[in-house]
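Here is a quick tour of a model, taken piece by piece. Have the structure open and follow along.

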2 protein chains.
Amino acid sequence: MATIVDVAALAGVSTSTVSHVINETRHVEPGTRARVLAAVQSVGYRRDALARSLRRSRTDSIGLVVSDAGEPAFADMVHGVEEAAAQLGLSLLLANSAEDPARERIAVETLLDRRVDGLIVARAAGSGPDLLTRIREESKPLVLLDRLADLDVDQVGVDNAAAVAELVAHLTGKGHERILLVAGDLRVPSLRERFEGFRAALKSQGLGTPPGIMCEGTSTAAATLESVGSIIRNPETRPTAILACSTVLAAGALKAVQDANLPIPGAIAFATFDGFTYSDLFEPQITTVRQPAFELGETAVELLMNRINEPNSRTQTRRLNSTIEFRRSTD
Amino acid sequence: MATIVDVAALAGVSTSTVSHVINETRHVEPGTRARVLAAVQSVGYRRDALARSLRRSRTDSIGLVVSDAGEPAFADMVHGVEEAAAQLGLSLLLANSAEDPARERIAVETLLDRRVDGLIVARAAGSGPDLLTRIREESKPLVLLDRLADLDVDQVGVDNAAAVAELVAHLTGKGHERILLVAGDLRVPSLRERFEGFRAALKSQGLGTPPGIMCEGTSTAAATLESVGSIIRNPETRPTAILACSTVLAAGALKAVQDANLPIPGAIAFATFDGFTYSDLFEPQITTVRQPAFELGETAVELLMNRINEPNSRTQTRRLNSTIEFRRSTD
DNA sequence: CTGAAAGCGCTTACAG
DNA sequence: CTGAAAGCGCTTACAG
């Protein structure tokens, strides 16, 4: 690979001048400039980003650690981050923690070693606060994505409480008073927010939480199938509506309803967070809270750039609105 | 940030020794070693990957350019690549061309500037051969993913011909002789392979391609809805089965069938490549060719590492098998 | 068993 | 308007 020295030699100038021509960072005589550019072409010179980064202590790259690259919502966030980063001329280093705090730690350290200009992290379910402390120690710009913390950091997520409230209002409006929340792993902040939001929404509707009408702690479709199954098979505990807090929970719960031969929405209404694509084409058509996942990613980059450019500005927490697609499953 | 010089000073040794201790690259007296390690801890030293890469001309990173980060199949491939890379201690630089050859070009150049050790590319639909030439000029290891080329490069994709053949055999076995192939953009190699495979399969069944029974060129759900709609509304051209070659094509075609009030599979059978998740939970339950997208990504990394370690070995083309999930839509 | 020193390919004050 | 030179933080032959 040709270096700046080769170009300088061929053009008969110093490496300073070559550098300044390439980066347009100071005025150069048109003639000299032309010779340099010609030399660049002729030797096929390409600036080495590594050397440049080392010298400038800035890499023009950002790191993204997601907790579950297999989940469509996270895939969309990755897409949004990539898009926004590309627009700004930033490269994206992607890592997946697979919900494993140890892997998350390694991913963050690697990204730190590579001197990314900033970090966006959607934390693993069991991730402790020490990770954030570690990043702060390095005073590396950081934005939390989707899975927020009760800390003084920049973060962007969904307004889960508002979405739950709207959904509960919709269901109670249809006369439902016994709603089963399939809540999932409450260590995941977004799931906890939905859980808390659900309780608050019921309370404000004067309903209170019927005992046994929460289903929490399960994370797999199989486990959800089982626990939801046992709740709905028992007429004592059977709800008139089910609200699932993620796609995988919805899959398990939906299967349980089908296994119990309960028609939707005839015997039981059904709604879900995230959920299935192209729902309009299939039966049952399921009412779905659609997260603005792509925009979440874009916003994370925006917050990160703010932090990089203004290290001492006040941190902000952004809550984006989800949209609810109302369909026949809750009619 | 502490550097190797700080560590050396504190431990009272040379930077050579520090480097060798950290990298375990030559024997060091246990006592010295311990002092170095203690110094590393005490100053919170972390090796700068940038400087290391510059010196070694090796970055332990790979670049991945996908053509459509929004498509679930590509998201899974990204996931597979990430997983395999992480296992090998490689960082992943991700870029999306969004099916735009110009963006693809920029993405590749950026990755080349960053001196990734190798490149995995799922090319944009209109991508020309000059991009591959360019990468070869730099003699940078390259693997083509999913969208293959008729060139002497390492590549991994799906055995599309085999999948189509199996599906066609399944349909003809059910008595279908008029099958509509919703083929999509034939500039996309994988779609072209399905198209060619379809013709070959019909021929080997002694059927030949009925005129007007191909629907090609459309890439959006809306355009597909329209063209499939006009084909199935006309009893002269109406097929008894539809085979869609991608998720978005399937969405458009399915809508057209529903708009025409043709029951599936009563009036018309339906099958698709890729397609919808959790299909078993919804009606119509659609027969689906499931690509091993994650494995495709993993295999791409494997081929790339082979190439990096053995630059002069023979190139290989790997074809992974898809699995067909047979469901009621083709009963 | 260890160290002095060159060099990877850039950028950027400093000087003229 | 341009150049000589230091330095970013490492690795690695070379020498002892």
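## Domains of chain A

Let's start with how chain A is carved up. The assignment gives domain 1 (4-47), domain 2 (58-157 + 293-318) and domain 3 (160-292 + 325-330). So you can see that domains 2 and 3 are each written as two segments. Keep in mind that this is a predicted model.

How far apart are the centres of domain 1 and domain 3 of chain A? Taken over C-alpha atoms, 64 Å separate them.

## Where the two chains meet

Next up is the contact between the protein chains: 37 residues of chain A touch 37 residues of chain B. On the chain A side, the elements giving two or more residues are helix 4, helix 5 (72-87), strand 2 (91-96), helix 6 (101-113) and helix 11 (247-259). That side of chain A splits into 19 nonpolar, eight polar and ten charged residues.

Strand 2 of chain A also pairs with strand 2 (residues 91-96) of chain B, running antiparallel with three bridges between them. If you want one pair to look at, L92(A) has L94(B) as its bridge partner.

## One sheet across both chains

Now zoom out from that pairing. Which order do the strands take in the sheet? It goes 11(A)-5(A)-4(A)-3(A)-1(A)-2(A)-2(B)-1(B)-3(B)-4(B)-5(B)-11(B), an open sheet of twelve strands with mixed pairing. Strand 11 (317-320) of chain A and strand 11 (317-320) of chain B are the edge strands, each pairing on one side only. From one strand to the next, the twist averages 20°.

Within chain B, strand 1 (residues 61-66) and strand 2 run parallel and are joined by six bridges. L94(B) turns up again here, as the bridge partner of L64(B). That puts L94(B) in bridges with both L92(A) and L64(B).

## Around DNA strand D

Finally, the DNA. There are 29 residues around DNA strand D, and those that come nearest are S14(A), E29(A), I4(B), S19(B) and A51(B). By class, this surface has eight nonpolar, 13 polar and eight charged residues.

Which helices supply at least two residues each to the surface near DNA strand D? They are helix 2 (15-23) and helix 4 (49-56) of chain A, along with helix 2 (15-23) and helix 4 (49-56) of chain B. Helix 2 of chain B gives the largest share, with six residues. Helix 4 of chain A is worth a second look: it supplies residues to the surface near DNA strand D and also to the side of chain A that touches chain B.

Key
Residues numbered from 1 in each chain as written. Chains lettered and ligands numbered in written order. Predicted model: local features only at pLDDT ≥ 70, side-chain atom pairs only at ≥ 80, totals over all residues. Near = placed C-beta within 6 Å. Helix = DSSP H or I, 4+ residues; strand = E, 2+ residues; numbered from the N terminus. Nonpolar A, V, L, I, M, F, W, Y, C, P; charged D, E, K, R; others polar. Contact = placed C-beta atoms within 7 Å. Pairing = 2+ DSSP bridges. Axes fitted to C-alpha atoms, helices over the stretch in contact; angles between N-to-C directions. Domains from an automatic or database assignment.
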